[in-house]
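This report examines a single protein chain by way of selected residues, strands and side-chain pairs. Please study the sequence and the structure shown below before reading on.

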Amino acid sequence: MAVFLLSAGMGLADGMSEEEIADEVATVEFTGVATELFVGEMPGAPTFWAVEVASDEENNFCSEIVNVTVFQATPGPWGTFDENVSVGDSVEVFGTPIMDESGCIAAVTLQGSQEYRLELAEEETEVVEDNAVVEDTEDETEDGEVVEDDTAVEDTEDETENGEVVEGDAVVEDTEDE
C-alpha cells in the first residue's frame, strides 16, 4: 500500500515545480522521539526512522509510532535528515503524510520537497523568574525604640543540571536601629 502511495506521489510530482508541489500536497509537522532506524537492505528498499509522536494536536496519526521514510531509490526531490540522530533523540519532522484507508496518518515521507526534514529538535531553554517583594517593616523594642528592617533583593541566575536557566532572587537583609 505504501509503495502504491509513494508511486502515486511521484506521478503527481512529475512536471510540477517544488512550489506547486508544496501548494498541492498536504504536509505534516510534529516532534517525537527517534526509536529505531531501519536501513533498506534490498535495492530500492526505503530507509526510515520509527518515531514516537510526542507533540501533535492537529494531526490524526494511526498509532503513537510513525515510520518516517528518509530515503528510497526513487526520483526526488528528497528532503534532508540529520545523520547524527540516534535512538532516544528528540526530533522534528516535516514531510508528506501517507494516509491509510481510514484516513489516519500511517507514515510520513521526506520525498517531494527539499524543504522536508527530520532533524534533531532544538532544546528549549526554560526560564523561570521568581519575583520577591521588598518589605519595609518597623518593629518596636521593649524600650520603645523603633527598629527598621529593610529587605533588599539581588537578582541571581543559576543553571540546572538539564540546562534550564532559573532566575531567582537572593534576599539580603539590612537592619538599621534607631
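Which backbone nitrogen lies 3.1 Å from a polar atom of the side chain of Thr109? The backbone nitrogen in question belongs to Gln111. The model in which this distance was computed is a predicted one.

**Thr109 and strand β6**

Thr109 is part of strand β6. With a relative accessible area of 3%, Thr109 is buried, because buried residues are those under 20%. The strand around it is likewise mostly covered, since four of the five residues of β6 are buried.

Strand β6 pairs with two strands that are described here. With β3, the pairing of β6 is parallel and runs over three bridges. With β5, the pairing of β6 is antiparallel and runs over four bridges. Ala107 appears in both descriptions: Asn67 stands opposite Ala107 of β6, and Ala107 is also the bridge partner of Ile98. Strands β5 and β6 form a hairpin, with five residues between the two strands. In the turn of this hairpin, Gly103 has a positive phi of about 100 degrees.

**The disulfide**

How many disulfides does a search of the whole structure find? The search finds one. This disulfide joins Cys62 to Cys104, with an S to S distance of 1.8 Å. The angle about the S-S bond is 95 degrees, and the link of Cys62 and Cys104 is right-handed. The two cysteines belong to distant parts of the chain, 42 residues apart. Cys62 is in the loop between β2 (47-55) and β3 (65-71), whereas Cys104 is in the loop between β5 (90-99) and β6 (105-109).

Is each cysteine of this pair buried or partly exposed? Cys62 is partly exposed, with a relative accessible area of 36%. Cys104, by contrast, is buried, with a relative accessible area of 8%.

**Aromatic pairs**

A pair of aromatic rings is described by the distance of the centres and the angle of the planes. In this model the count comes to four aromatic pairs. Two of them are set out in the table.

| Pair | Distance of ring centres | Angle of planes | Arrangement |
|---|---|---|---|
| Phe30 and Phe61 | 5.0 Å | 70 degrees | edge-to-face |
| Phe38 and Phe48 | 4.8 Å | 25 degrees | stacked |

Why is the pair of Phe30 and Phe61 edge-to-face? The planes of the two rings stand at 70 degrees, and planes over 60 degrees apart count as edge-to-face, so the pair receives this description. Phe30 lies in strand β1 (residues 28-38) and Phe61 in the loop between β2 and β3, so the pair ties together parts that are 31 residues apart in sequence. Phe30 is buried, with a relative accessible area of 3%, and Phe61 counts as buried at 13% relative accessibility.

The rings of Phe38 and Phe48 have planes at 25 degrees, and planes under 30 degrees apart count as stacked, so this pair is stacked. Phe38 is in strand β1 and Phe48 is in strand β2, and the two residues are ten residues apart. Phe38 is partly exposed, with a relative accessible area of 32%. Phe48 has a relative accessible area of 19% and is buried, because this value falls under the limit of 20%.

**Val25 and its contacts**

Val25 lies in the loop between α2 (18-24) and β1. At 22% relative accessibility, Val25 counts as partly exposed. With which residues is Val25 in contact, leaving aside its neighbours within four places in sequence? These are Thr96 and Tyr116. Val25 and Thr96 are 71 residues apart along the chain, and their C-alpha atoms are separated by 7.2 Å.

**The chain as a whole**

The details above belong to a protein chain whose secondary structure comes to two helices and eleven strands. From the N terminus on, the two helices are followed by the eleven strands. Of the 178 residues of the chain, 26% count as buried. Among contacts with a separation of 6 or more, 55% are between residues 24 or more positions apart. The accessible surface of the chain comes to about 11,800 Å², and carbon and sulfur atoms account for 46% of this surface.

Terms used:
Residues are numbered from 1 along each chain as its sequence is written. This is a predicted model: local features need pLDDT of at least 70, side-chain atom pairs count only at pLDDT 80 or more; totals for chains, interfaces and linings use all residues. Side-chain values use heavy atoms; hydrogens and water are left out. A disulfide is a pair of cysteine sulfur atoms within 2.5 Å. Buried means under 20% relative accessible area, exposed over 50%, partly exposed in between (1.4 Å probe, protein chains only). A polar contact is a pair of N or O atoms within 3.5 Å; within protein, one must be able to donate a hydrogen and the other to accept it, and residues adjacent in sequence count only if both atoms are side-chain atoms. Two strands pair if DSSP finds at least two bridges between them. Contact means heavy atoms within 4.5 Å. Accessible areas come from the Shrake-Rupley method with a 1.4 Å probe; for residues, only the protein chains shown count as cover. Rings of Phe, Tyr and Trp (its six-membered ring) pair if their centres lie within 6.5 Å; planes under 30 degrees apart count as stacked, over 60 as edge-to-face and the rest as tilted.
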